Amino acid sequence: MTAVLEASKISVSFGSVKALVDVDLEVPPGKLVGLIGPNGAGKTTLIDAVTGFVPATGTVVLNGRDISAEPPHVRSHLGLARTWQTLELFDDLSVQENCVVASRRPSTLGTLAQIVLGRRQPTQAAVEEAIRILELEEVAGRMPSELPQGKRKLVGVARALAGQSKLILLDEPASGLDTNESFDLGRRLRRVVDEGVAMLLVDHDMALVLNVCDYVYVIDFGRVLAHGAPAEVRANEKVLAAYLGGVATVTEAAGPEAAGSEPAPAGQSGKAIL
Ligand SMILES: Nc1ncnc2c1ncn2[C@@H]1O[C@H](COP(=O)(O)OP(=O)(O)OP(=O)(O)O)[C@@H](O)[C@H]1O
Ligand SMILES: [Mg+2]
């Protein structure tokens, strides 16, 4: 079956810094693929290269079409949506309005919103569907600033989903979330993927990535260090060596039960922060 995303030999340099070197990565249809790696490994740069926000060499193929030469807005029209490491929500609009913002805002914001939202302006039905899948019905009328961080992150995902995208690239959606929130996020991301949307999940939360993803890539210093099913990656000696140099141990811990009754802050028990 044709991959939704096929990125081949992607290289990006910033002056003398080689941020990515010949990275190959695939996201099959209806799958949740994880991308992990230490700080500065090149994860965000890969999302930027795939979405067209940084100049890159190599090829990016989306649903069989070579989009390597296309600008970001064309890629988004073709079904590519992303979130940013620093969550950008419109704080003066409700959750629901954040999801329909492209149709409400005039031209200058329209382009940005289209990039955020994906290939076309969301229909009311698509907005409602995104809110339903992410179980945000109860907060749909609330302002983002009134919501806990975990819910705000979900609004960012809902906004990408509302654009009826074929592939969503998420950059660290679990940052700032505690173990319970992160577990809940993983469950809801899985719901999105089960609806047929392919997803690339970049995160430092090893428990989240290894437990919800179907396949995982590990990059280090801009190169793919390992890739495989979560169990293979968890046992990979190169991965362990790369991470044992830091603070992490690769754990099995996953849900609220694993973390005990008290929610643990990010970076503590039950989460392996790389
Ligand atoms: N605009 C830029 N100009 C110069 N160097 C950059 C730029 N963006 C990223 N880099 C460098 O490219 C490398 C990869 O950075 P990138 O942000 O992709 O890492 P990351 O894996 O997303 O890290 P983190 O986990 O901290 O988010 C780093 O060495 C970084 O300093
Ligand atoms: Mg990053």
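This passage describes the sheet of a predicted model and the helix that packs on it.

The sheet is open and holds four strands, which follow the order β2-β1-β4-β5 and pair in the antiparallel sense. Strands β2 (17–27) and β5 (65–66) take the edge positions; each has a single partner strand, so one side of each is left without a neighbour in the sheet. Helix α1, spanning residues 43–51, packs on this sheet and touches β1 (5–14), β2 and β4. The direction of helix α1 makes about 115° with that of β1.

It is helpful to walk through the pairings in turn, starting with β2 and β1. These strands are antiparallel and are joined by seven bridges. Among the residues involved, Ser13 has Lys18 in β2 as its bridge partner. The two strands form a hairpin with two residues between them, and within this hairpin Gly15 adopts a positive phi near 60°.

On the next step across the sheet, β1 meets β4, again in an antiparallel arrangement, with five bridges between the strands. Here Ser11 is found opposite Thr57 in β4. Strand β1 thus has a place in the order between β2 and β4, and helix α1 touches each of these three strands.

The remaining pairing links β4, which covers residues 57–62, to β5. These strands also run antiparallel, and two bridges join them. Leu62 lies opposite Arg65 in β5. With β4 as its single partner, β5 closes the strand order at the end opposite β2.

Note on methods: Residues numbered from 1 in each chain as written. Chains lettered and ligands numbered in written order. Predicted model: local features only at pLDDT ≥ 70, side-chain atom pairs only at ≥ 80, totals over all residues. Pairing = 2+ DSSP bridges. Contact = placed C-beta atoms within 7 Å. Axes fitted to C-alpha atoms, helices over the stretch in contact; angles between N-to-C directions.
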